[in-house]
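Reader: I'm a first-year student and I keep getting lost in big pictures like this one. Could you pick one part, look at it closely with me, and then work outwards from there?

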Amino acid sequence: MKEWYDKIQAAESVETLEEIRIAVFGKKGVLSAEFAKMKSAPNEEKAGIAKELNTHKSKLMALLNDQKNSLQTLVLERAMKEEGIDVTLYASHSERGSLHPVMETMDRIVEYFVSMNFSVHTGPMVEDDFHNFEALNLPKYHPARDMQDTFYFSDEMLLRTHTSPVQIRTMLHTQPPIRMIAPGAVFRRDYDLTHTPMFHQVEGLLVDKEGEVSFANLKYILEDFLKYMFGDVNIRFRPSFFPFTEPSAEVDISCIFCEGKGCRVCSKTGWLEVLGCGIVDPNVFEAVKYKDVSGYAFGLGVERFAMLIHHIGDLRSLFEGDVRLLEQFR
Ligand code: DAH
């Protein structure tokens with residue numbers, strides 16, 4: 001009888017199992033034959049032989065059924081794989097993704113300026129000293145270089161510290177007039193509540209004939225832009241310094257948290273600084289060999305805008321990729 005156990009286990013198809021079943025349990029099968037043989041055995045042995053045969057009978061039957069079940073499951077699995085979709089199976093929920101708040105804010109900023117006929121330009125994140133500093137009126141050893149803690153690869157190569165070099169690249173390969181913005185990632189050696197080593201800026205530049213571009217033009221478009229982004233806020237221009245613009249200004253909006261009354265976010269001043277801007281310094285035009293032109297430029301940090309719009313307290317949470325934060329921006 002032993003051999004039949006092996007045969008059942010080795011069977012690779014339901015058909016083979018059926019053949020085995022007939023060979024073992026059928027009318028002319030081995031079990032019948034063994035029971036028939038028993039009849040001619042001595043009487044005192046009959047009970048023992050019958051017991052043994054019955055044990056084989058039930059064990060073989062159980063094994064046969066097990067084997068049949070697993071072969072059937074295998075056949076089904078193979079069929080499901082090959083034949084495709086079983087629409088009766090429960091569907092698992094797939095999560096819907098969404099734009100990161102920084103990208104969403106960047107898209108809104110870009111949308112505004114595109115609607116004002118600015119074209120979108122990009123530049124490399126690995127920059128050289130000339131585009132990131134030198135051409136922007138920041139010669140070597142200029143103290144203003146300390147305003148930006150730079151990641152250097154070598155004396156000449158670095159990770160861009162702002163999107164301003166895209167101004168230079170654009171002016172070097174196009175002729176005025178220019179109306180451009182440059183959105184993108186920038187890098188600085190900084191990490192605390194309000195600084196991360198990578199963040200995003202949008203740079204803007206407008207160049208036209210000498211005398212055609214004034215601070216009033218700059219003021220108008222930035223005021224219109226800030227109202228588009230923040231609604232009905234008060235806006236003020238504060239004199240400031242940037243090497244690439246002269247005169248330069250920083251722009252504040254009235255605090256959107258306390259409406260200018262003074263709170264923790266605005267350090268009790270009632271104002272929030274949101275961008276830098278100015279009239280392009282003649283040295284910048286000289287570096288790109290532009291003559292008889294005038295222009296304005298501005299630059300802003302996208303994370304700062306996103307934090308203000310969405311009331312996010314810690315800048316770092318925008319970079320940690322915690323889905324619990326991101327889920328709130330579906
Ligand atoms: N590049 C400046 C920064 O990273 C931002 C900026 C200020 C850009 C004034 C400008 C500008 O074009 O006119 O802080």
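**Starting from one serine**

Author: Let's start with Ser 248, whose side chain reaches the backbone nitrogen of Phe 242 at 3.2 Å. Keep in mind that we're looking at a predicted model. Ser 248 sits in strand β7. Is Ser 248 buried or exposed? Its relative accessibility is 7%, and the cut-off for buried is under 20%, so Ser 248 counts as buried. Setting aside residues up to four places away in sequence, what does Ser 248 touch? Its contacts are Arg 238, Pro 239, Ser 240, Phe 241 and Phe 242, plus Cys 277 and Gly 278.

Now follow the chain into the loop that links β7 (245–254) with β8, and you'll meet Lys 261. This lysine has 69% relative accessibility, and exposed means over 50%, so Lys 261 counts as exposed. For a sense of scale, pick out Ile 109: its C-alpha atom and that of Lys 261 are 27 Å apart, with their positions 152 residues apart along the chain.

On to the ligand. It has 16 residues around it, and the closest are His 162, Ser 164, Arg 188, Gln 201 and Glu 203. A few distances are worth checking on your screen. Arg 188 has a polar side-chain atom 2.8 Å from a ligand oxygen. For Ser 164, a polar side-chain atom is 3.0 Å from a ligand nitrogen. In the side chain of Gln 167, an N or O atom is 3.3 Å from an oxygen of the ligand. How much of the ligand does the protein cover? On its own the ligand has 360 Å² of accessible area, and the protein covers 91% of that. Here we get back to β8: strands β5 (198–209), β8 (271–280) and β9 (293–301) are the elements that give two or more residues to the shell around the ligand. Sorted by class, that shell has nine polar, five nonpolar and two charged residues.

Gln 167 leads us to helix α7 (residues 165–173), where the buried residues are Pro 165, Val 166, Gln 167, Ile 168, Thr 170 and Met 171. What do those buried residues pack against? The list is β2 (126–128), α6 (129–132), β4 (178–187), β5, α9 (282–287) and β9.

Let's stop at α6, the helix that holds His 131. With a relative accessibility of 10%, under the 20% cut-off, His 131 counts as buried. Its side chain makes a polar contact of 2.7 Å with the side chain of Asp 128. Apart from residues within four places in sequence, His 131 touches Leu 136, Pro 165, Ile 168, Arg 169 and Leu 172. Pro 165 and Ile 168 should ring a bell: they're among the buried residues of α7.

Terms used
Residues are numbered from 1 along each chain as its sequence is written. This is a predicted model: local features need pLDDT of at least 70, side-chain atom pairs count only at pLDDT 80 or more; totals for chains, interfaces and linings use all residues. Side-chain values use heavy atoms; hydrogens and water are left out. A residue is near a molecule or strand if one of its heavy atoms lies within 4 Å of it. A polar contact is a pair of N or O atoms within 3.5 Å; within protein, one must be able to donate a hydrogen and the other to accept it, and residues adjacent in sequence count only if both atoms are side-chain atoms. Accessible areas come from the Shrake-Rupley method with a 1.4 Å probe; for residues, only the protein chains shown count as cover. Helices (H or I, at least four residues) and strands (E, at least two) are DSSP runs, numbered from the N terminus. Ala, Val, Leu, Ile, Met, Phe, Trp, Tyr, Cys and Pro count as nonpolar, Asp, Glu, Lys and Arg as charged, and the others, Gly among them, as polar. Buried means under 20% relative accessible area, exposed over 50%, partly exposed in between (1.4 Å probe, protein chains only). Contact means heavy atoms within 4.5 Å.
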